[in-house]
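The following exercises are to be worked with the sequence and the coordinates at hand. Each task is followed by a solution in steps.

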Amino acid sequence: MAQGLNETHDPARRSFVESANAPDTDFSIQNLPFGVFKPEIGTPRVGVAIGDQIFDVSAAAKSFDGPAAELARDCGISYLNIPMQRGAAAFSALRLALSRLLSVEHGDRGLRKYLIPMASVQLVKPMTIPNFTDFYASVFHATNTGRAFRPDNPLLPNYKYVPVAYHGRASSVIVSGTPFKRPRGQRKGANEAVPSYGPSRNMDFELELGMYIDTPNKLGEPIPVAKAAEHIFGFCLLNDWSARDVQAWEYQPLGPFLGKNFATTVSPWVVTAEALAPFRIAAFARPSGDPAPLPHLSDAEDQAHGGLDITLEASILTEAMRRAGIAPQRLTQTNFSKVYWTVAQMIAHHTSNGCDLMRGDLIGSGTISGPEKSSWGSLLELTARGSEPIALPSGEKRGFIEDGDEIIFRGFAEKPGFARIGFGECRAIMLPAD
Ligand code: MN
């Protein structure tokens with residue numbers, strides 16, 4: 001069997017939960033992502049997505065034994081940080097037990113009472129997030145963005161040596177479905193002599209993958225590339241909303257601040273690293289002539305298997321489209337395989353000075369843009385900073401996001417011989433500034 005694969009990845013396994021067997025479901029029995037839901041009665045608690053249902057893990061704790069049972073009992077809590085203390089081996093044991101329990105071969109046998117229709121409950125933020133860091137791992141995005149802000153000097157000379165990132169703001173990370181207000185800020189147009197304070201005029205999305213840390217490292221003890229996987233719990237979709245005008249005016253010399261930290265949206269379901277094992281691929285091949293990463297960021301095994309083949313899409317649904325019953329319009333489709341730095345290199349770099357990662361920390365990949373225009377991950381790129389607006393089926397045009405627009409991300413991994421693994425949705429409506 002290939003690296004990291006076990007019976008939970010068997011594409012032949014089917015669930016007695018019928019909706020989990022649909023070929024286009026995000027939540028097949030091979031996926032089993034973790035999230036937190038708010039039941040009609042009682043407090044929010046951890047559940048696992050299966051088809052269009054949520055399996056109430058803690059309520060069903062008696063169905064498990066050993067480490068899986070201990071972990072299941074811990075799942076009666078409103079954030080994943082406490083269960084995550086039990087470590088990857090316990091999650092792997094619970095995943096295996098769930099895979100068997102929810103299979104057709106096992107059958108219902110009284111388990112249906114632990115299933116809750118996903119549409120009937122609210123999904124909440126799955127984690128208490130101590131820290132949020134956002135990388136800049138797509139060289140295509142870095143070049144496109146650099147060109148918009150610095151036409152003569154798009155890619156700075158450190159890019160191919162340093163996995164560039166900024167420390168974001170954990171307090172304003174919100175879960176999919178939570179509206180946010182258009183931020184106000186200082187911005188100075190090209191033809192304006194002085195800046196003014198007011199609602200951002202250049203609101204954008206950034207299509208990213210997020211990852212959550214489970215095992216912390218001690219302050220002063222870097223995580224090598226080869227050990228990074230032992231610290232990653234799982235992945236989500238992440239929208240790093242950006243006020244481009246505020247960003248352009250503030251970013252030099254210390255990087256993003258108020259242009260980014262007003263809201264970051266994450267999808268509610270966390271797809272485990274184990275579920276994504278079949279979709280590991282070689283790391284992005286650096287073009288010839290690019291420098292090799294420095295030794296502390298180099299690892300042969302990571303180069304061979306450290307990439308991830310995950311398709312990511314962004315769509316828009318404007319207020320007028322919603323009113324007219326028009327379906328969301330896709331703006332871009334890209335793939336995580338295009339990132340210049342692997343997730344292991346990001347973690348190794350983040351801790352290379354001894355910085356300690358904490359359980360529940362959220363790390364964004366940066367906007368995932370590919371080489372083609374159809375795979376660019378932000379409006380800044382897609383519309384050439386608003387100068388080439390996109391036509392929508394409602395007759396509207398968009399250079400940047402307008403009040404009432406909803407941006408919807410989807411993500412999935414597909415490959416012949418394996419079940420589809422989906423991320424669900426990451427969506428939010430931008431409301432007008434006060
Ligand atoms: Mn970003």
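Two strands count as paired if DSSP finds at least two bridges between them. The model used throughout is a predicted one.

**Exercise 1. Identify the strands that pair with S13, and name a bridge partner for Glu208 and for Met211.**

Solution.
Step 1. S13 and S14 are antiparallel and share 7 bridges. Within S14, Leu238 is the bridge partner of Glu208.
Step 2. S13 is also joined to strand S22, residues 362-364, by 3 bridges, again antiparallel. Here Met211 has Ile363 of S22 as its bridge partner.

**Exercise 2. Determine which residues of S13 lie on each side of the strand, and whether they are buried or exposed.**

Solution.
Step 1. In a regular strand, side chains alternate between the two faces of the sheet.
Step 2. One side of S13 carries Leu207, Leu209, Met211 and Ile213, while Glu208, Gly210 and Tyr212 are on the other.
Step 3. Buried means under 20% relative accessible area. By this criterion 7 of the 7 residues of S13 are buried, and both faces of the strand are covered.

**Exercise 3. List the protein donors of the manganese ion and give their spacing along the chain.**

Solution.
Step 1. The protein donors are Asp134 (OD), Glu206 (OE), Glu208 (OE) and Asp240 (OD), at 2.1 to 2.2 Å from the manganese ion.
Step 2. Along the chain, the donors follow the spacing D-x71-E-x1-E-x31-D.
Step 3. Glu206 and Glu208 are both buried. Glu208 is also the residue whose bridge partner in S14 is Leu238.

**Exercise 4. Describe the nonpolar cores and the elements that supply the largest one.**

Solution.
Step 1. The largest nonpolar core comprises 64 residues, and Phe205, Phe235, Leu276 and Ile347 have the most contacts inside it.
Step 2. Among the elements that each supply at least two residues of this core are strands S13 (207-213) and S14 (232-239), together with helices H4 (139-149) and H8 (343-351).
Step 3. A second, separate core has 44 residues, including Leu32, Ile50, Leu111 and Leu238.

**Exercise 5. Give the strand order of the open sheet that contains S20, and explain why S9 and S21 are its edges.**

Solution.
Step 1. The sheet has 5 strands in the order S9-S26-S25-S20-S21, with mixed pairing.
Step 2. S9 (180-181) and S21 (329-335) each have a single partner strand, so one side of each is left without a neighbour in the sheet.
Step 3. At the S21 edge, S20 and S21 pair in the antiparallel sense over 6 bridges, and Thr311 stands opposite Asn335 in S21.

Note on methods:
Residues are numbered from 1 along each chain as its sequence is written. This is a predicted model: local features need pLDDT of at least 70, side-chain atom pairs count only at pLDDT 80 or more; totals for chains, interfaces and linings use all residues. Side-chain values use heavy atoms; hydrogens and water are left out. A nonpolar core is a set of buried Ala, Val, Leu, Ile, Met, Phe, Trp, Tyr and Cys residues joined through side-chain atoms within 4.5 Å. Buried means under 20% relative accessible area, exposed over 50%, partly exposed in between (1.4 Å probe, protein chains only). Helices (H or I, at least four residues) and strands (E, at least two) are DSSP runs, numbered from the N terminus. Donors are N, O and S atoms within 2.8 Å of the metal (3.2 Å for Na, K and Ca); water is not among the atoms, so sites may look incomplete.
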